[in-house]
Amino acid sequence: MTKNIEIRPVGADERAAWEPLWQGYLTFYKATLPQVATDTAWARFHDPKERMHLLGAYVDGKLTGIVQFLYHRSTWTPGDYCYLQDLFVDSSARGLGLGRALIEAVYEKAKAAGCSRVHWLTHNDNAQARILYDQVADNSGFMQYRKVF
């Protein structure tokens with residue numbers, strides 16, 4: 001059975017479809033956020049003045065995957081970088097190539113915006129995702145350090 005797959009921006013009227021995927025992503029990383037953070041992110045995705053963006057993977061019209069990304073300045077290039085911040089595909093749709101399609105859609109958007117690179121983080125233990133990431137990007141070898149306030 002062939003599935004109809006579409007990658008497109010998630011509409012402002014689709015929060016009810018987006019939020020379970022967002023919560024699935026947070027659950028995967030064992031993270032919790034205050035509701036205000038989720039509300040703020042949603043508002044930013046739909047504010048044309050913001051540099052944050054949201055694309056969805058739709059299978060037969062149903063939102064089953066998301067990618068959230070933003071553009072930011074760099075001291076290393078005149079062009080912006082694109083940070084692919086969050087990528088999640090519902091378990092019911094894994095194996096359909098949605099993760100790859102979402103990453104490639106971000107690549108297209110970033111190129112069109114004049115970005116010189118797309119980058120992202122994943123956990124060292126995210127072995128299944130890293131199989132895909134090793135196919136579509138280079139592992140920079142850098143480790144992330146952080147101080148949370």
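Trainee: Leaving aside its neighbours within four places in sequence, which residues is Asn 4 in contact with?
Mentor: Good place to start, and bear in mind that this is a predicted model. Asn 4 sits in the segment before β1 (5-9), and with a relative accessibility of 54% it counts as exposed. Once neighbours within four places in sequence are set aside, the residues in contact with Asn 4 are Tyr 58, Val 59 and Asp 60.

Trainee: How many Å apart in space are Asn 4 and Val 67, C-alpha to C-alpha?
Mentor: Val 67 is not among the contacts just named for Asn 4, which are Tyr 58, Val 59 and Asp 60. In sequence, Asn 4 and Val 67 are 63 residues apart. Going from C-alpha to C-alpha, the separation in space is 19 Å.

Trainee: Let's turn to charges. How many salt bridges does the count come to?
Mentor: Here a pair counts if a side-chain nitrogen of Lys or Arg is within 4 Å of a carboxyl oxygen of Asp or Glu. One example joins the side chains of Arg 8 and Glu 6, with N to O at 3.8 Å. By this rule the count is six.

Trainee: Which residues are linked with Arg 8 in a network of salt bridges?
Mentor: Arg 8 is partly exposed at 25% relative accessibility, and its salt-bridge partner Glu 6 is partly exposed too, with a relative accessible area of 40%. The network also takes in a further residue, so the residues linked with Arg 8 are Glu 6 and Glu 14.

Trainee: Which helices does the salt bridge between Asp 39 and Arg 15 tie together?
Mentor: The closest N and O atoms of Asp 39 and Arg 15 are 2.6 Å apart. Both residues are partly exposed, Asp 39 with a relative accessible area of 32% and Arg 15 at 21%. The pair ties together parts that are 24 residues apart in sequence, because Asp 39 lies in helix α2 and Arg 15 in helix α1.

Trainee: Staying with α2, where do its buried residues fall when seen down the axis?
Mentor: Helix α2 covers residues 35-45, and its buried residues are Thr 38, Ala 41, Trp 42 and Phe 45. In general, residues three or four places apart point the same way, because an α-helix has 3.6 residues a turn. In α2 the buried residues line one face of the helix, since they fall within an arc of 100°.

Trainee: And what covers those buried residues of α2?
Mentor: The residues to be covered are Thr 38, Ala 41, Trp 42 and Phe 45. Among the elements that cover them are a helix and two strands: α1 (15-28), β2 (52-59) and β3 (62-72).

Trainee: Is Asp 80 buried or exposed?
Mentor: Asp 80 is found in the loop between β3 and β4. Leaving aside neighbours within four places in sequence, its contacts include Tyr 71, His 72, Gly 114 and Ser 116. The cut-off for buried is under 20% relative accessible area, so at 11% Asp 80 counts as buried.

Trainee: Which residue forms a salt bridge with Asp 80?
Mentor: The side chain of Asp 80 makes a polar contact of 2.4 Å with the side chain of Arg 51, and another of 2.9 Å with that of Arg 73. Arg 73 is itself exposed, with a relative accessible area of 62%. The salt bridge, with closest N and O atoms 2.9 Å apart, is formed with Arg 73.

Trainee: Asp 86 is buried yet has no salt bridge, so how far away is the nearest side chain of opposite charge?
Mentor: Asp 86 lies in strand β4 (residues 81-89). Its side chain makes polar contacts with the side chains of Tyr 25 at 3.2 Å and Gln 68 at 2.7 Å. Beyond four places in sequence, its contacts also include Trp 22, Ile 66 and Val 67. The nearest side chain of opposite charge belongs to Arg 146, at a distance of 10 Å.

Trainee: Last one: how many disulfides does a search of the whole structure find?
Mentor: Take Cys 82, buried with a relative accessible area of 0%, and Cys 115, also buried, at 14%. The cysteine sulfur nearest to that of Cys 82 belongs to Cys 115, 5.3 Å away, whereas a disulfide needs the sulfur atoms within 2.5 Å. Cys 115 is likewise in no disulfide. Across the whole structure, the search finds zero.

Key
Residues numbered from 1 in each chain as written. Predicted model: local features only at pLDDT ≥ 70, side-chain atom pairs only at ≥ 80, totals over all residues. Heavy atoms only, no water. Helix = DSSP H or I, 4+ residues; strand = E, 2+ residues; numbered from the N terminus. Buried < 20%, exposed > 50% of the residue type's maximum accessible area, 1.4 Å probe, protein only. Lys, Arg positive; Asp, Glu negative; His and termini not counted. Polar contact = N/O pair within 3.5 Å; in protein donor to acceptor, adjacent residues only side chain to side chain. Contact = heavy atoms within 4.5 Å. Arc of directions from axis to C-beta.
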